[in-house]
Amino acid sequence: MFDLLKLTLREKKWVTLALLATLGVAFFTTVFVNLVQPVIDEMFGAAPAVKIEARTDSPAQSASGDIRTEAKTRILDPLWKLLKIEKQDIAQSLPWVIVAVFFGKGLFTFLSSFSMKAVGNRIVKRMRDDLYAHILRQSSGFFDRATTGDLMSRLTNDVDRIQQAVGTAMSDLIEESMIMVGLLVSVFLIDWSSAMVVFVITPLAVVPMIAFSRQLKKQGRKSQERMSEIYNLIHETVSGNRIVKAFTMEGFELRKFLKKSWRYYRINLKLAWISSLSSPFMEFLGGAVAAAVLYVGSQRVSKGLISPGDFGAFLAVIFVMFTPIKRLNRAYNTVYQAVACYDRVQDVLKVIPEIQDRPGAAPLPAIEGRVTFDRVGFSYVPDRPVLTDVSFEVQPRQTVALVGLSGAGKTTLVSLIGRFYEAGSGTITIDGINIRNVTVHSLRSQIGLVTQEIVLFNDSVRANIAYGLDDVPLERIVESARAAECHDFICELPHGYDTLIGERGGILSVGQRQRLALARALLKDPPILILDEATSSLDSESERLIQQALNRILKNRTTFIIAHRLSTIRSADMILVVDAGRIVESGTHDELLRRTRGIYRKLHDLQFPEEQENGG
Ligand code: ADP
Ligand code: MG
């Protein structure tokens, strides 16, 4: 709550305008309710205007217990003086005054509403921008833990609620509090003892109101949770629609949805019940208060202690006061919810990216590509090592192949090179420079990465290939597309290189997507290239075609290849066999085949049974 207020106050210009406008609204509202008295007294002649005038200059008389109350000082007296309206002219001027008052109230309501909404939007824009930037800066570990649905709901839902709170509720809180002050002052100036009645009875009404709002809050939170369940389910089935269809699980998913939807509906019905009940209940209490006031008031009028106009004004104040009370209550609820949302946003903002540039980290100079692992160990979760004691050295422009069963730790090993995760122990150096001591940006900009899971962005083919690079001429894009064997199918797309691909590359086959990703990596032309099962989705024909291109490309850079098909890695300068996080064998294809009991030999024999006799 305090944090939200601090954020709000940072928008000084708009907040000042809003506060001033709010003062205006409170002023005109107060004037408005106090107009009821002259309307009744002057227009219906309940108090002869002439008499009032005759006594205005001696107010002391009325204070001394004079039964006649016409000479009482009224809250609006300064206003009449200011407007230079004589007492006897008040009746005549009233229509104009009323028009003016409503105009003023409207104008200031507009100003305060608009400026507070502006504040809300500004705060929220900044918060959403910060949050998104912050999320983008996070390390891979963060994304392993986070779910898309959760991050999305924080970026949209939570932030929107904060906007509501600041844009509407905060202004309501300020505005209605000021109006309340104005009304309270009026009520006491009009008639002290009737006001006291209100003060005794009102707390009775506040207690049930608190109970109602507490229930609303509780059920409201539940409703939010149910909504996010639904949100997650939709996300799952939309992104996994293929699997849903393939397993003909539409019915199952629909039933799951209907169940959650039913629970959401039930909660909302409960909410509707509570909120529908609260309003008439509160109104009934209001009626009771009014009746009490009526009772006390009518006695005081008949005794001549107050004028009928005073009494009318008094009733008007009581009724008008209900709106601010209701709004204050609502605003309080909204702000309360927003505080919860604010905390959820702060939870994310507080996460410090695990991988950051060290203080004084220098950029990595242009590298040759000698990569050295020295007794590197790593684990995702404490005490469950994924890599142990990994040591090897790759010379510039060599090709290293990593072989091993799935889950052995190959992907993990190569992700350490780009510092997607930080090595737990040991050191990794490139050209003799410890990668921990260089800036992450300079390191990653010299590494190309193609993974099995291809990420294409909702943009043109051309932009997807040139992702991360500025102003690349089309010729160079075509060149790398040719190298990755994708030029031909790109030309067959409806708009060639300008064809838009859906967010997940929907119009392309998996093999085509993989070749696009390859083209992307080639265009970047990095000194270190990592191909993590980058050709595993290709048919043998495309793989053979790409292999030729790859062989050419690999000559100029240090390359790490992870592949299951051993045919693709035969020509590697070094093959590392990874098993349960350790490097258990290393050498060239021929060297490794010579170890008759080796893992590589075993894998090889499984894939090429006909060559078994040649191996020994
Ligand atoms: P490979 O690429 O050889 O198939 P990985 O490097 O992907 O193997 O995984 C090695 C081990 O680390 C596996 O046991 C896997 O379950 C675990 N692992 C992989 N990624 C994560 C992660 N993000 N969080 C926790 N454990 C992981
Ligand atoms: Mg892997």
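Two strands pair if DSSP finds at least two bridges between them. That rule opens this report on a predicted model.

**The six-stranded sheet**

Start with strand 7 (residues 528–532) and strand 8. Five bridges join these two strands, and they run parallel. Strand 8 has a parallel partner in strand 3 as well: strand 3 (residues 399–403) and strand 8 (residues 558–562) are linked by four bridges.

Now look at the whole sheet. It is open and has six strands, in the order 6-7-8-3-9-10. The pairing is mixed. Which strands stand at the edges? They are strand 6 (447–450) and strand 10 (582–587). Each has a single partner strand, so one side of each is left without a neighbour in the sheet. On average, neighbouring strands here are turned by 15 degrees against each other, direction ignored.

Individual residues show how strand 8 is matched. Phe-560 in strand 8 stands opposite Val-400. Phe-560 also stands opposite Ile-530. Ile-561 in strand 8 is the bridge partner of Ala-401.

Is strand 8 mostly covered or mostly open? Mostly covered: five of its five residues are buried. Both faces take part. Thr-558, Phe-560 and Ile-562 are buried on one side, and Thr-559 and Ile-561 are buried on the other.

A helix crosses this sheet too. Helix 22 (residues 599–607) lies across strand 3, strand 9 (574–579) and strand 10. Helix 22 runs at about 95 degrees to strand 9.

**The four-stranded sheet**

There is also an open sheet of four strands, in the order 2-1-4-5. Its pairing is antiparallel. Strand 2 (387–394) and strand 5 (433–434) are the edge strands, and each pairs on one side only. Helix 14 (residues 410–417) packs on the sheet and touches strand 1 (371–378), strand 2 and strand 4. The direction of helix 14 makes about 120 degrees with that of strand 1. Strand 4 (residues 425–430) and strand 5 are joined in the antiparallel sense by two bridges. Thr-429 stands opposite Asn-434 in strand 5.

The table sets out three strand pairs.

| Strand pair | Sense | Bridges |
|---|---|---|
| Strand 7 and strand 8 | parallel | five bridges |
| Strand 3 and strand 8 | parallel | four bridges |
| Strand 4 and strand 5 | antiparallel | two bridges |

**A pocket among helices**

Rolling a probe the size of a water molecule over the atoms shows where empty space is left. The second largest pocket has a volume of about 520 Å³. It is lined by 20 residues. Those closest to its centre are Leu-216, Ser-275, Asn-329, Arg-330 and Asn-333.

Which helices each supply at least two residues of this lining? They are helix 10 (192–239), helix 12 (250–302) and helix 13 (308–350). By class, the lining of the second largest pocket has five nonpolar, ten polar and five charged residues.

**One buried glutamine**

Gln-37 sits in helix 3 (residues 36–43). Why does Gln-37 count as buried? Its relative accessibility is 9%, and buried means under 20%. Leaving out residues up to four places away in sequence, Gln-37 touches Glu-42, Arg-74, Gly-309, Asp-310 and Ala-313.

Key
Residues are numbered from 1 along each chain as its sequence is written. Chains are lettered from A and ligands numbered from 1 in the order in which they are written. This is a predicted model: local features need pLDDT of at least 70, side-chain atom pairs count only at pLDDT 80 or more; totals for chains, interfaces and linings use all residues. Side-chain values use heavy atoms; hydrogens and water are left out. On a 1 Å grid over the protein atoms alone, a cavity is a set of points where a 1.4 Å probe fits but cannot get out, and a pocket is an open set with protein on both sides within 12 Å along at least five of seven lines; lining residues have an atom within 4 Å of a point. Grid points are joined across faces, edges and corners, and a volume is the space filled by probe spheres set on the points. Ala, Val, Leu, Ile, Met, Phe, Trp, Tyr, Cys and Pro count as nonpolar, Asp, Glu, Lys and Arg as charged, and the others, Gly among them, as polar. Axes are lines fitted to C-alpha atoms, for helices over the stretch in contact, and angles run from 0 to 180 degrees between N-to-C directions. Contact means heavy atoms within 4.5 Å. Buried means under 20% relative accessible area, exposed over 50%, partly exposed in between (1.4 Å probe, protein chains only).
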